[in-house]
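Biologist: I am new to this structure and would like a careful, close look at one part of it. Please set that part in its surroundings as you go.

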Amino acid sequence: MFRRTGSVSTRTAIEPARLRVRWLVAGVAAVVLVTIVSVSIGPIRINPWGVFLQLLDEIPGVHLNTGLSPRDSAVVTELRLPRVCLGLLVGSMLALAGGCYQGIFRNPLADPYLLGVAAGAGLGATAAIAAQHAFAVLPAAGGSGTPYAIPLAAFVGALIAVALTYAVGAGGSRYRSPATLILAGVAVSAFFTAGQSFLQQKYVETIREVYSWIMGRLTTAGWHDVLLLLPYVVVTGIVILSQRRQLDVMAVGDEEAESLGAHPRRTRLILVLAASLGTAAAVSVSGLIGFVGIIVPHAVRLMAGSSYRVILPLSALFGAAFLALADLGARTLMSPNEIPIGVVTAFFGAPFFVIVMRTSRRV
Amino acid sequence: MRKPPALALAALALAGLVVSGCASSSTTTTPSQSAAAAAFPVTVGDITLTQKPTHIVSLSPTATDMLFAIGAGAQVVATDKNSDDSDFHGQPKPAKTDLDSYTPSAEAIAATNPDLVVISSDTNKIKDQLTTLKIPVYVASAAVTIDDTYRQETELGQLTGQTAGAAKVVADEKKQITDALAGLPNRSKQLTYYYELDQTLYSVTSKTFIGSLFSMANMINIADPADADGKAGGYPQLTAEAVIKGNPDLIFLADTVCCQQSAATVAKRPGWGSLQAVTGGHVVPLNDSVASQWGTQVPQLLASIVTAAKAVPAS
């Protein structure tokens, strides 16, 4: 026990607790680079210089002759750019929430879906899809339903699941530990997943659509989804980042953190609320994209340092870049069709993570 | 309290200006069009085509069949990969693509420069994405009744400038269906049937499109009680016991291609050997894909149902 404490303190002494400028620059550069590359590549070949000019042209007050046809310029501004931005936002949110959960629960396996967000959103989305089918198939020829029913149902389902987890895991006894909350999350997830499986079995023709939602996709048309998600990511992101110092203090354990003047329970509640709200919003527009919330914070931890003052901001940046890059793969690898992005994140993310893990000094 | 109405009036006036502006601009363009394209601009539902489409992309095998039947085949430049088995009505097939109607890339569709895209389901936000690129998308969803088939054929006719061809196809189909039904003998007791989608006994009720064809042939579906409230969306899963209890006069297999089912395999199932349909030799194999479409092959499908029904002797 004594030895371990000793090694931790030496480690903190060696590692930078502050975010180094070069890592911050690398993160921003990754986001900018991935954005430019993603917007330039797609099934339609468009002159990259024209794309670059088109991006500059989007800046208010700048008017350039991009040389692109109206179709190509619409492809860049209405399909690719909003989709890349959506990927950046969702990736940033999931990685940030994942890093945050890992800190709150002092558990390296924590991911943004730990407290039931995925299961709740899954049940919500499945219910909405099933309802659309039930009402569209039977009474005459129905429409395809409202486009925002699925995101809304997923969002509400996710919030209900997390609220339930918190009520079950943190309510009642004063002596609850973070582990109780994780177990409550497992129970609530199992319950909601059972509900989802039942619905899927009952409305078997919805399986394809539900499945495609579960595998995640960033398909978007125009800027609506981006604008819908942006406020959640900005607000919850600021809240989470503002607590990064508290997370470092909490790493020593609740009692010691309290003796250092921190308020672990309050901090945990604030962070769980912020991370869950942000994740719910992200999931409601993109479906369940796995892996980002686990591997990005860990990769950052292995490369840049284990302080949350380093992990959280860098996870937001590299998470954004990683997901946008994965979506580039989802759009182009199987052209003219698309691959679910969840497949791409796991397929390329897992080996990448293993490489980082094996080559890093800090394991 | 006085300001809002004034504001609302101003907004209304503005909206009026915009609307009248649009209206006048469209009326000014119409006379300039040539006589050959007199039918255009055409509006069907929420899409308007200013001229006859010549680069149609079809991502639905049924729509491909309909387009070729009504005489718009030459205007189709590309189809999805499932359309490859469609009925091209003796005309040359358009370029085959690897486009999958389930997760197509909107950009890949746009790359073919289409002036009309026809889809049957919009699972990947294809319609929204193509609409932002100003590419019109017609959604021909799976039909629920035969009237949906007629409506889609008629609307495709309007959109492609093939109204006469579409009218002829619809008239022919109506006649074939009337002729087929006219051959049905009068029975004191209606025939019962079981329609199999796969060997896990998923079936259809009379509320589905395929079920409606059997209702036209005056047959009773033994799967109807299994989804009386419509919660299974018209596709209930039966138990073997329910089928045996229902003891249908006829069994239709729509799983001959996918799952290699046949009269022989059905007869071998435990407890099925004594069913009336099996002992009487009234297990009817159908082609899975023909049975899952709602296009021009429907009258033929109905005719084969009627033929099977005629073969059952009066009890």
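Of the 363 residues of chain A, what percentage count as buried? With that as background, please look closely at helix H14 (residues 308–332) of chain A.

Modeller: This is a predicted model, and in chain A 52% of the 363 residues count as buried. The chain is built with 15 helices and zero strands, and H14 is one of those helices, running over residues 308–332. Among the contacts in chain A with a separation of 6 or more, 76% are made by residues 24 or more positions apart. The accessible surface of chain A comes to about 16900 Å², and carbon and sulfur atoms account for 69% of that area.

Turning to the helix you asked about, H14 of chain A has 25 residues, which at 1.5 Å a residue should span 36 Å, and its end C-alpha atoms are 35 Å apart, so the expected and the modelled spans agree. H14(A) nevertheless bends, by about 30°, at A:Ser315. At its N-terminal end the helix is capped by A:Ser307, which places a side-chain oxygen 3.0 Å from the backbone nitrogen of A:Arg309. The helix is also mostly covered, with 22 of its 25 residues buried.

Part of the surroundings of H14 can be described from the side of helix H2 (residues 21–40) of chain A, because the buried residues of H2(A) pack against H14 as well as against helix H3 (48–58), helix H4 (70–104) and helix H13 (292–304). H2 has 20 residues and reaches 29 Å from its first C-alpha to its last, close to the 28 Å expected at 1.5 Å a residue. Its buried residues include A:Trp23, A:Gly27, A:Ala30, A:Val31, A:Val34 and A:Thr35, and towards the end of the list come A:Ser38, A:Val39 and A:Ser40. In reading such a list it helps to recall that an α-helix has 3.6 residues a turn, so residues three or four places apart point the same way.

Helix H4, one of the helices that the buried residues of H2(A) pack against, contains A:Ser73. A:Ser73 has a relative accessible area of 17%, and because buried means under 20%, this residue counts as buried. Leaving out residues up to four places away in sequence, A:Ser73 touches A:Gln54 and A:Leu68.

Some care is needed with the confidence of the prediction. Chain A averages a pLDDT of 84, and 89% of the residues score at least 70. Over residues 1–14 of chain A, however, pLDDT stays under 50, and the model has two contacts beyond four places in sequence for that stretch. Residues 137–145 of chain A also stay under 50, and for them the model has 14 contacts beyond four places in sequence. Where pLDDT is low, the predicted coordinates should not be read in detail.

For a view beyond chain A, chain B has twelve helices and eleven strands. Buried residues make up 46% of its 315 residues, and in chain B residues 24 or more positions apart account for 61% of the contacts with a separation of 6 or more. Chain B exposes about 14800 Å², with carbon and sulfur atoms supplying 59% of it.

Notes
Residues numbered from 1 in each chain as written. Chains lettered and ligands numbered in written order. Predicted model: local features only at pLDDT ≥ 70, side-chain atom pairs only at ≥ 80, totals over all residues. Heavy atoms only, no water. Helix = DSSP H or I, 4+ residues; strand = E, 2+ residues; numbered from the N terminus. Expected span 1.5 Å × (residues − 1). Bend = angle between axes of the 7 residues up to and from the residue. Buried < 20%, exposed > 50% of the residue type's maximum accessible area, 1.4 Å probe, protein only. Polar contact = N/O pair within 3.5 Å; in protein donor to acceptor, adjacent residues only side chain to side chain. Contact = heavy atoms within 4.5 Å. Areas by Shrake-Rupley, 256 points an atom, 1.4 Å probe, with all protein chains shown as cover. pLDDT = per-residue confidence, 0-100.
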